[in-house]
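Q: I have a structure open in front of me and would like to learn how to read it. Where should I begin?

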Amino acid sequence: MANDEKIKALRIWGFLHRLSYLPRWIIVLIDLSVILFTGVLSYLLIRRTGVFLEEEIYGLKIPIYIFVSLFSFRIFRTYAGIIRHSSYIDAVKIFFAQFTTAFSLLAINSLYWNITGNLLYLNIVILINAVFSFSCLFLYRVLVKQVFEIYFSNNQGHKLSRSIIYGSDANAIAVANALKSEMPARFKIVGFIDKSSHNRSKMILGLPILQHKKKVSVLMRIFNAEALVIADKSLSKEEKLSIVDECLEFNYKVYTVPLISDWEDQKEISKKIKNFQIQDLLERKPIVLDNKSISNQLKGKTVLITGAAGSIGSEIVRQVIQFDPKNIVMLDQAETPLHHLGLEISKMEINSKVCSIIADVRDRVAVNNVFNKYRPEVVYHAAAYKHVPLMEENPSQAIFVNVQGTKNIAELALEYGVDSFVMVSTDKAVNPSNVMGASKRIAEKFVQSLHNNMLIQNGFCKTKFITTRFGNVLGSNGSVVPLFSKQIENGGPITLTHPDIIRYFMTIPEACQLVLEAGAMGQGGEIYIFDMGKPVKIIDLARKMIMLAGFVPDKDIEIKIVGLRPGEKLYEELLNDSSKTLPTHHEKIMIAQEIYNEAIPLYGLLEELIASANKHSGDDVVAKMKEIVPEFKSMNSDFALLDKK
């Protein structure tokens, strides 16, 4: 018997759990029952005082009362809301509905008096009933809401994370309301933190406002909180970073949420609450672009982007679209990623015509056909092989794509009179220690020499050849951040090549914004280097990513040192030892003054290099690369033997 009762109770709770909302007609019936109850209560209350009407016409009084009440419900749609999500708006609707009913009954009472000389209702009963009915209608909604909240809170109590919201403004309150109504619930809000002292001794949503006089970690410990949701829009980048670092130090989870001014509902707000990403913690000011200059270069033009399906190329496509070019030609040899990019772009409302071309930059004939058909005026050359260990094992392929491919595109740009050719390079081209970096340095040399040779021969060069050089890009294909994220998802370990390895980082949008800016400001022949901010120690990056995911480094997720890969440096540089920089009008972009080779001698060396690559002799290829780039010294690689000859 006890089991049957338990099963019955579980079925009832299961029904409540699945219940999303009551049909409107049921809510109307419940409301009607409530006002009938309050009407009788008001009548009996006054009746006990000895005040009553001489003539009680119940057959007329009750139908009129019901009809007027239903009419008020219809006008203010008091039945339209979901009861367990009732708010002050529902209270306002009920208030106006009941006092509309009261004033309507008073008007009917006055009319009845003028006709019959008697009152249909006592005026005092009408007013008392308005107060009673409003109170009861709203009270039962509050009770239903509380029952649901208590039920779901108890049902998921073991899953809820005790959390504090940093902030006490409208943004923070909206976030708190969204989290309280979120289904299934993730957080149990226990308080708010106010960085000022304006709200001392006050409460929000029945929860205390804590002053940020003590450290956040101390407040978290006092309230036994596990997570902090940062919703204060007035926090500076430095303040936010300080709070995040403090929370991570004490193994508290940290979440961030954007501003909510244009969000439609609470479900949308709760979806936006997310873990901090490592990109959010870059100590970097927003980049301000010279949009007018970029627009002058791109608006109404035909733009060719090679390597368009890659992480850098695809972002260049997205940003170029914003400047309303006439045509965008996306060229790549990777079929599936290019198809996906094409589908993404097709969903945008743009005026530009977008073409997807499957072609390999190594194929001179195929690329020539593209130039001949589309006649591009601006070229962004982002096609390249970039993985250091793979290129160390396949040096010939690095030459075919990074050198011969660049040579093909650059020469065709000159032949077809392209206005601007912008090449995407890398900091690994500086004092290269691997095949990939050396191949990009050779490509840089060729592009720069091609431009300067045209100046020497003709006194001008119609095509502006520009090179952009930057470091690692967070989130790019094959970069360390997606790798670490995947390893964390799989429970570890995170593999790190060396505990002292350091890299410069910037986000993909930042890098591409600066590529566009450099392309617009360049006069030709320059190698632009970007301000990459502070260098990041990769082991610190790994630890922070582990903590942001809610784990403890070397306890929950192991950091495993696997040794340097072939050709890998402990740190990267943006300039050769002999190079100097010149400032530009953009504080984040500088010009590297590199020594360049005359095109004719370099042409001969490149022909020999490509011939060696066609023979697929790794040692011969690398030896020729070292001849072209004397500063190329192989590190942690079998090719280091060639440096001793």
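A: Begin with the charged pairs. This is a predicted model, and in it the count of salt bridges comes to 14.

Q: What counts as a salt bridge?

A: A side-chain nitrogen of Lys or Arg has to lie within 4 Å of a carboxyl oxygen of Asp or Glu. Asp 324 and Lys 299 meet this rule, with their closest N and O atoms 3.3 Å apart.

Q: Which parts of the chain does the pair of Asp 324 and Lys 299 tie together?

A: Look up where each partner sits. Asp 324 is in the loop between helix 11 (311-321) and strand 9 (327-332), and Lys 299 is in the loop between helix 10 (291-298) and strand 8 (302-306), so the salt bridge ties together parts that are 25 residues apart in sequence.

Q: Is Asp 324 buried, partly exposed or exposed?

A: Compare its relative accessible area with two cut-offs: buried means under 20%, exposed means over 50%, and partly exposed is in between. Asp 324 has 27% relative accessibility, so it counts as partly exposed. Lys 299 is also partly exposed, because its value is 48%.

Q: Where do Glu 315 and Arg 318 lie?

A: Both are in helix 11, three residues apart, which is about one turn of the helix. They form a salt bridge whose closest N and O atoms are 3.3 Å apart. The two partners fall into separate classes of exposure: Glu 315 is buried, because its relative accessible area is 14%, while Arg 318 is partly exposed at 25%.

Q: How far apart are the closest N and O atoms of Glu 444 and Arg 441?

A: In this salt bridge the distance is 2.9 Å. Glu 444 and Arg 441 both belong to helix 16 (residues 435-458), three residues apart, about one turn of the helix. Here Glu 444 and Arg 441 are both buried.

Q: Which residues are linked in a network of salt bridges?

A: Look for charged residues that are joined into a group. In this model Arg 364, Lys 407, Glu 411 and Glu 607 are linked in such a network.

Q: Now a helix. What span is expected for helix 12?

A: Count 1.5 Å a residue, then compare the result with the model. Helix 12 (residues 335-346) has twelve residues and reaches 16 Å from its first C-alpha to its last, close to the 16 Å expected.

Q: Which residues of helix 12 are buried?

A: Leu 338, Leu 341 and Ile 345 are buried. Viewed down the axis of helix 12, its buried residues fall within an arc of 60°, so they line one face of the helix. On the other side of helix 12, Glu 335 and Ser 346 are exposed.

Q: What covers the buried residues of helix 12?

A: To answer this, look at which elements pack over that face. The cover includes helix 11, strand 9 and strand 10 (353-358).

Q: How should I read a single buried residue, and where is the place of Ser 133?

A: Find its element, then its exposure, then its contacts. Ser 133 is in helix 5 (residues 123-155). It counts as buried because its relative accessibility is 0%. Apart from neighbours within four places in sequence, Ser 133 is in contact with Ile 35, Thr 38 and Gln 98. The C-alpha atoms of Ser 133 and Thr 38 are separated by 5.6 Å, although the two residues are 95 residues apart along the chain.

Q: Where is Thr 468 found, and what is it in contact with?

A: Thr 468 is in strand 13 (residues 464-470). At 0% relative accessibility, it counts as buried. Beyond its neighbours within four places in sequence, its contacts include Val 422, Ser 425, Ala 518 and Phe 530.

Q: Which residues make a nonpolar surface patch?

A: Phe 67, Phe 71 and Ile 75 make one of about 340 Å². Ile 75 is in helix 3 (residues 58-76), and it is partly exposed with a relative accessible area of 46%.

Q: What does the whole chain come to in helices and strands?

A: The secondary structure comes to 21 helices and 22 strands. Of the 645 residues, 48% count as buried. The chain exposes about 31,900 Å², of which carbon and sulfur atoms supply 57%. Among contacts with a separation of 6 or more, 76% are between residues 24 or more positions apart.

Conventions
Residues numbered from 1 in each chain as written. Predicted model: local features only at pLDDT ≥ 70, side-chain atom pairs only at ≥ 80, totals over all residues. Heavy atoms only, no water. Helix = DSSP H or I, 4+ residues; strand = E, 2+ residues; numbered from the N terminus. Buried < 20%, exposed > 50% of the residue type's maximum accessible area, 1.4 Å probe, protein only. Contact = heavy atoms within 4.5 Å. Expected span 1.5 Å × (residues − 1). Arc of directions from axis to C-beta. Patch = residues over 30% accessible without salt bridge, like charges linked within 9 Å, V, L, I, M, F, W, Y side chains within 5 Å. Areas by Shrake-Rupley, 256 points an atom, 1.4 Å probe, with all protein chains shown as cover.
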